[in-house]
Each structure stands twice: as structure tokens, then as C-alpha cells.
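Welcome to a short set of exercises on reading a protein model. Keep the viewer open, try each task yourself, and then walk through the solution.

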Amino acid sequence: MTNIEPDSYQLTVEDEARGLRLDKFLAERLPDISRSRLKTLITEQQVFLSPSSGARTIDDPSYRVKPGETFELKIPDLVEPEPEGENIPLDIIYEDDHLLVIDKPAGMVVHPAPGSWHGTLVNALIAHCGDSLSGINGVKRPGIVHRIDKDTSGLIVVAKTDKAHKKLAKQFANHSLERAYLAVVWGVPNPADGFIEANIGRDPRNRLKMAVVKEGGKEALTNYRVLRRLEPPRTPTRSGGAYSSGKKVKALRLPPSVSLVECRLETGRTHQVRVHMAAAGHPLIGDPLYGRRNPPLKNFSEQAREAISGFHRQALHAHVIGFVHPVTGEVLKFESDLPNDMRRLIAALES
């Protein structure tokens with residue numbers, strides 16, 4: 001393989017590659033580029049047989065390669081489209097000339113990114129606010145001061161002017177805001193009221209995840225409080241295994257535990273609540289990155305098992321945000337009730 005220029009490659013087929021599909025051949029030689037991306041490049045006519053091999057474009061991913069053929073691959077620059085306004089309903093908790101506070105539903109991406117160019121909060125904001133957002137925090141993230149994950153629901157504040165953005169961003173930077181989340185977690189943290197202080201950085205084994213790290217990372221502090229243990233009222237069952245005065249007795253066995261926890265952030269790191277609670281042994285129910293792969297469902301009721309198995313996002317809701325208004329100086333605080341999916345989950349666990 002020859003790297004002709006930064007985004008162009010020249011690859012010659014060896015005997016052992018005889019008969020491979022073109023997309024598979026390229027994927028084996030260029031492991032840093034996904035096969036689906038290579039397939040798209042082929043169909044977009046970015047793969048050519050060199051002059052010594054016939055000088056023609058190959059646009060069929062299933063083309064069978066032959067020994068001695070030399071292919072040239074060109075990877076054009078990715079041009080990110082500017083976000084466009086889309087008529088998407090917003091649950092606006094507060095709005096004035098300077099900012100908005102929005103209750104974001106789970107499943108909505110905050111700003112456009114590869115794979116999510118449409119249907120984002122930014123697309124909805126552009127339609128709602130018009131040209132007033134242009135130039136605030138750049139073209140791709142107009143007005144966005146902070147973000148919450150796609151599958152986390154709850155409150156987010158958006159700036160409508162450059163002045164408001166700068167002052168709100170400063171409050172986020174110096175951690176002077178009030179932010180609290182509600183989470184449904186496995187187990188019951190002990191003590192029931194405490195804090196988790198541990199640096200967070202990229203997981204060295206999986207770059208898509210964050211992790212508690214011993215060296216490097218960014219300092220992170222989460223205060224937590226158990227609001228209640230989520231389980232139906234029941235009489236504990238008995239099982240063998242305990243002894244008293246030399247006689248075998250039946251030990252009390254409590255049902256498996258889940259709890260509703262409030263987490264208040266002193267810092268605002270990526271996935272902070274999810275990472276800290278998982279590191280403490282209490283991952284969030286439904287969390288696809290940090291949750292339990294094989295949750296202990298056997299001893300739950302049928303209704304609870306179905307609710308847990310059917311909950312396909314992290315059970316996390318941004319329910320409080322408080323800050324100083326960037327223009328008036330008024331102290332503002334907003335609260336959001338749990339969304340319906342988390343209410344149903346809790347009801348099933350307590351039924």
C-alpha cells in the first residue's frame with residue numbers, strides 16, 4: 001500500500017487476495033476505515049484502476065479483484081452540512097430575550113454530528129429562534145452552552161445572545177450552577193448520603209467510553225443521596241445457611257435491590273453520573289455503556305423484569321438547573337418532573 005497524498009491510497013492485489021470482493025479487499029488493507037464507508041466511496045466512484053491495470057473507475061463493491069491489479073482510492077474531504085431549522089416541538093420551561101430553558105426528551109441529540117444531522121435540538125432551536133442564534137457558539141452549535149446525552153432526558157439552558165452565552169459559559173466553567181439528576185441504579189449506595197470524587201478520562205480500552213482513571217483525566221465530584229429503595233412491600237423469604245447455638249436456622253433473604261438516587265454535580269464531565277455510579281458499584285439501569293450486561297432479574301417480579309428488560313436507555317433525568325441570569329442578575333432555578341418512561345419503571349419496581 002502506498003499513501004500517495006494525505007487522503008489518497010494506492011493498493012496492489014497480491015496472490016492471496018485473489019477473488020476477494022473489492023470492498024473486503026480494501027477493508028483488510030485499510031483497517032482504520034470502516035467497510036461501510038469504503039463501500040460508499042466505491043459507489044461514489046472514488047476507486048480507480050491505475051493506468052497499468054486498465055485505467056477505469058470501479059463503482060461495484062462486489063467486483064472481484066485479481067492479482068497484479070492496482071487500485072487508487074481517493075477520500076474526499078467530509079463537508080459537514082450547516083444545520084437547518086426544523087419544525088420540531090420544544091417543551092420550553094422558560095424563555096426571555098436572552099435565554100431559554102428546555103426540557104429535552106430522551107432520544108433527542110443536542111447538536112448535529114455524523115449520523116445525526118437532523119432532528120436535533122439545534123435544528124429545532126433554529127426554527128424557533130430564527131436568525132437570532134447565528135454566530136453564538138459557532139455554526140454547528142448555535143446557542144448551546146452545555147449538553148446532556150442523547151438518551152438522558154431533562155433540563156438544558158440555551159443562550160439567545162452572545163453576551164448571555166459568555167456569562168452562562170463562565171458559570172459552567174467555574175461550577176457555580178446548581179445541577180441535579182435523578183437516576184435509577186442497581187443496589188442501594190451505602191452510606192445513603194455521600195460523594196464520589198474521582199478523576200474521569202477516556203477509557204484506555206474503549207475510546208467510546210469514559211472511565212475513572214488513576215492518572216490524568218479531569219477532576220470530578222458527584223454528591224449523591226438515596227431517595228428511596230425501589231421494591232414492593234413484601235415479607236422476606238427464608239433460606240438455609242445460618243447457624244445459632246449449633247442449630248441450623250433459616251436466614252432471611254431480601255429481594256434484589258434497586259434505588260432512586262439524586263446526584264448533584266460539583267463538576268460537569270462527560271458521562272459523569274454514569275461513570276461515577278458505575279465505578280461505585282451502582283450502575284444505572286438501562287445504561288448501554290456502563291450498565292450491567294447480565295442484570296440479576298431472576299428474583300424480581302414478572303412485571304419488574306419486563307420493565308427493566310424493556311428500558312433501553314440510561315435511567316437518568318436532569319431534573320434541576322439553577323443559575324444567575326446573565327443579564328438581570330436574578331437567581332433562577334427550574335425543576336422538571338420525571339418523564340413517563342422512568343415513572344413507569346419505578347411503578348413496576350414498586351408494584
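**Exercise 1: A glycine in a strand**

Leaving aside its neighbours within four places in sequence, which residues is glycine 194 in contact with?

*Solution.* Before we start, note that this is a predicted model, in which local features need pLDDT of at least 70, side-chain atom pairs count only at pLDDT 80 or more, and totals for chains, interfaces and linings use all residues. Residues are numbered from 1 along each chain as its sequence is written, and side-chain values use heavy atoms, with hydrogens and water left out.

Step 1. Find glycine 194 in strand β9 (residues 193-197). Helices (H or I, at least four residues) and strands (E, at least two) are DSSP runs, numbered from the N terminus.

Step 2. Apply the rule for a contact, which is heavy atoms within 4.5 Å. With the neighbours within four places set aside, glycine 194 is in contact with Thr222, Asn223 and Tyr224.

Step 3. Check one of these partners: the C-alpha atoms of glycine 194 and tyrosine 224 are 5.6 Å apart, although 30 residues separate them along the chain.

Step 4. Add the accessibility. Buried means under 20% relative accessible area, exposed over 50%, and partly exposed in between (1.4 Å probe, protein chains only). Glycine 194 has 15% relative accessibility, so it counts as buried.

**Exercise 2: Following the strands**

In which sense do β9 and strand β12 (residues 221-229) pair, parallel or antiparallel, and over how many bridges?

*Solution.* Step 1. Recall the rule: two strands pair if DSSP finds at least two bridges between them.

Step 2. β9 and β12 pair in the antiparallel sense, over 5 bridges. Here phenylalanine 195 stands opposite asparagine 223 in β12.

Step 3. Move on from β12 to strand β15 (residues 258-265): these two run antiparallel and are joined by 7 bridges. Arginine 229 has serine 259 in β15 as its bridge partner.

**Exercise 3: Aromatic rings**

How many aromatic pairs does the structure hold?

*Solution.* Step 1. Use the cut-offs: rings of Phe, Tyr and Trp (its six-membered ring) pair if their centres lie within 6.5 Å; planes under 30 degrees apart count as stacked, over 60 as edge-to-face and the rest as tilted.

Step 2. The structure holds 5 aromatic pairs. In one of them, the ring centres of tyrosine 63 and phenylalanine 71 are 6.2 Å apart and the planes stand at 75°, so this pair is edge-to-face. Both residues are buried, and Phe25, Tyr63 and Phe71 form one aromatic cluster.

Step 3. Tyrosine 94 and phenylalanine 334 make a tilted pair, with 5.3 Å from centre to centre and 45° between the planes. Tyrosine 94 lies in strand β5 (residues 92-95) and phenylalanine 334 in strand β17 (residues 331-335), so the pair ties together parts that are 240 residues apart in sequence.

Step 4. Compare with the accessibility cut-offs: tyrosine 94 is partly exposed at 23%, while phenylalanine 334 is buried at 11%.

**Exercise 4: Empty space**

What is the volume of the largest pocket, and which element gives the most to its lining?

*Solution.* Step 1. Set the terms. On a 1 Å grid over the protein atoms alone, a cavity is a set of points where a 1.4 Å probe fits but cannot get out, and a pocket is an open set with protein on both sides within 12 Å along at least five of seven lines; lining residues have an atom within 4 Å of a point. Grid points are joined across faces, edges and corners, and a volume is the space filled by probe spheres set on the points.

Step 2. The largest pocket has a volume of about 560 Å³. It is lined by 21 residues, and those closest to its centre are Arg147, Gly268, Arg269, Thr270 and His271.

Step 3. α5 (272-279) and β8 (178-186) each supply at least two lining residues, and α5 gives the most, with 3. Of the 8 residues in α5, 6 are buried, including Gln272 and Met277.

Step 4. Turn to the cavities: the whole structure has 2 of 30 Å³ or more. The second largest holds about 30 Å³, and its lining includes His146, Arg179 and Tyr181.
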